[in-house]
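Visitor: Before we talk about helices and interfaces, could you put the sequence and the structure in front of us?

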Amino acid sequence: MAQAAPVAPPDLELTYEMPEQATLLSDAWRRLRRNRIALVGTVIIAILFITALISIVWTPYPVWLQAVGPTYQPPSGAHPLGLDQAGRDILSRIMGGALITIEVGIGSAIIVSLIGIPLGLLAGFYRGKVDTVISFFINIWYGIPDLLVALILVFVLSDALHLIPRGVFVIIIAFSLTRWMDVARLVRGQSLALREREFVEAARMAGARDFYLLVRHIFPNALGPIIVQATFAIPAAVLFEAFLSFLGLGLPSPTPSWGAMAADGYHGMDFAPHIVLAPTIALSLTLMAFNWLGDGLRDAFDPRMRR
Amino acid sequence: MTRFSVFRSLAVALGAISTVAACGGGGGGASEQLAADQTLSFPMVDDIGDLDPAHMSAAVDIDIFRNVYSGLYRFDDQLNEVPDIATGAPKISDDQKTYTFTMRKDVKFSNGDPVKSDDFIFSWNRAAAIQGDYASVFQPVAGYDDVANGKATEMTGLKKIDDYSFSATLTDPAGYWYTEVALWTAWVVDKKVVLAAGKATSSDWASNPATAIGTGMFHMTARTAKQSTDFAPVANWWGGSTGAITKVHIEIIADQKAQLTKYESGGYSLIGFANQSLDPDDVVRYNSDPQLKKQLQLNPSARTTWIGFNFCEGAGKPSKNCAGSNPFAGDAGKLGREAFSLAVDRDQLVDIACSKGTACTKATGGVITKGLKGYLGDNTDPWAVFDKAKAQSLFQQWGGADKTKNLVYTYNTSGFNKAVCDNLASQWQANLGVKMQCTAQDRASFFKARTKCSYPIFRHSWGADYDHPQDWFDFLFVTDAGSGGACYSNSQLDQMAKTANAKPLSQSLDTYKQMNKILVDNTVTGNLVYGVQQYVSHPYVKGVGGNALYDNYWADVKILQH
């Protein structure tokens, strides 16, 4: 009788494909990479940053120098984006304008966050009277026409009281003081939800103090939406600065604000369209890039988008 | 011969040839056939400000209403003062204090009322009592102060001799007063009409076409505030022909682009009358296009723009308005003033800030504008040349690097002032290494602060009211001059002004020029540019233009067939 072939004992040790350990940020980054339009935005923003950094140490011509060539000169080899109505090199001023854009955008996002995050955390965490007072101010602030207030702030702080010289800083302050409510309200909502979560309860039971809970548990878990909100605050601030400068109420001449450059070239559109086209294209690309990135980040931080 | 003149000559010649050809070469024919519609139309950015001569001060209003009102004298195309209602120059007493005026007897208001000496005395007393911006025209007349203060209604210096002659006695000799008598404040208004409409000092009559009665060639026929105003020639005007124009229509269009669009579609005869200008970019476009350039006319205007330096050396020194010291003040600041003036390439400034020279020309002959009495001559200002090396040397000697930290140049908000400031900032940074900030102020705040000599360095300009140097020195450069802004004080200049003002211009012009030279030698002003008045008109609209102070009379314009 033929002997049956020995049967190998079953391998009882099961092998599992262990999921890669992922933090909130690495998980978001992985999803962001899949979003091509967000990546395009990221690349544009990277170029913007690099251009801004280069402009600190070098531009083809000083951004303030007039008469480097004939006024209204169209793009040429020597001046790839042409010259403006004062004979200034537009490429140099676009590069200088990139730095202004970054300063205003990032600066405003930081100040808005510095105001909005603490207020939102406190309102959501403590609820009750604290929430009532903070929410009251948020609602009051929402009722005020922000653009008008910002214009008045710029005028009062710089021109009337001479507290802050007319420049990037006063624009950032004016914008931030009128736009902090979005972040505050968002963080308040996050804080309200997170304070009831088990891990917060557990930490509280373990004797953690309020400050510890807010800083170590609630804030980190609200970070994703905050980053998204801050990303959307950047283009809003950039547009605000450009708008003010277009109206002649923003940065003083000869600061190369893209809004002011567009205003300078506006009247000469008939015969020198390059003067207005260059800053408006740069501004549009920047705004779109930040919005694309913001949308991408929102999707990336949204657990429901996890596939 | 200017390009415009060449074009006009060619156009006339071509027109003549065409007419001859059309007539088959037989017989003659008018080379310029008038169009059936002789409506002269042009736009303005803002509405007329003042319709009453006693209140007027804006060039816009004066340019319009010099066609409606007139006085004893007027300025001709060369700015010479010539009799209008007067029969000739006034008879001046030996002590230079009493002026006797004799009037034409055939002068009538547009309503047919005869013009008599009572009307002039009434008009002048009224203007002194109203205290408009230019009431000071009558300041030299005896009794002016009492009328100005409301203590009297009539200047004691004005005396009726008969219906067609009267005299004016001055407190002190004032050689410039004869020139001032030709200004709008001295125009005659119809006493009967004004009093019938209300109080003597009321201005209601002036805005109503039915009662806005003057002695000019045109009268107002319709007016809708902030929209339009119409005029028509006065029938049987006492002075003779009123020209070809049968109607003048002025529209208020705030947007200069919209104005030009309507002009280009034939909606306006011209743009530029009543001290209007074109959008700077449009002027460049017109000036750079050979076809469009034929429609553009650039005339010198009586305005100088300069860098104002603050001469305050401390509280109350040298002027009562001084509050503190300034780096550009006095002898210590002279090197700085010279350096800052020499560091400006005025060719570049004119190219950039004046839209390739279409809005102004460089100022090289002192502060009084080229073409006016008192002008020093081309290239007579040694500090109005560009000399970077010398500017840097003077700047070093002065110790400018420490004295110009946080330097702010202030101007009243306007596109032109901004362009000038931006260019100065660029040039001073490139040529002297000075980083200067341009700061714009609203007009009222700027003038208020400048009057108190609050700015270390600032924009200043002056548009001449009349062609007499006294208009510049008394208002700008004598101690505590009302419009100076620099708190400049020079006792020698004050004394010279006093002496010159007392004499007729024929005897004082050299003194005024010496005074102008003193300003140049001391670099009191960093003279930058002289003004240009722009006109754009269709080729078939003839007679458009003006002199340094005024537009051509509407009666000089005619519209050809087109």
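Guide: What follows is a conversation about one helix and one interface. This is a predicted model, in which local features need pLDDT of at least 70 and side-chain atom pairs count only at pLDDT 80 or more, while totals for chains, interfaces and linings use all residues. Residues are numbered from 1 along each chain as its sequence is written, chains are lettered from A and ligands numbered from 1 in the order in which they are written, and side-chain values use heavy atoms, with hydrogens and water left out.

Visitor: Which residues of helix H7 of chain B are called buried?

Guide: With buried meaning under 20% relative accessible area (1.4 Å probe, protein chains only), the buried residues of H7(B), residues 256-264, are B:Gln259, B:Leu260 and B:Tyr263. Seen down the axis of H7(B), these residues fall within an arc of 95°, so they line one face of the helix, the arc being that of the directions from the helix axis to the C-beta atoms.

Visitor: What makes B:Asp255 a cap of H7(B)?

Guide: A side-chain oxygen of B:Asp255 lies 3.0 Å from the backbone nitrogen of B:Lys257, at the N-terminal end of H7(B).

Visitor: Why is the pair B:Arg285 and A:Asp270 called a salt bridge?

Guide: The term requires a side-chain nitrogen of Lys or Arg within 4 Å of a carboxyl oxygen of Asp or Glu; the closest N and O atoms of B:Arg285 and A:Asp270 are 4.0 Å apart, and the pair forms a salt bridge. The count between chain A and chain B is 1 salt bridge.

Methods: Buried < 20%, exposed > 50% of the residue type's maximum accessible area, 1.4 Å probe, protein only. Helix = DSSP H or I, 4+ residues; strand = E, 2+ residues; numbered from the N terminus. Polar contact = N/O pair within 3.5 Å; in protein donor to acceptor, adjacent residues only side chain to side chain.
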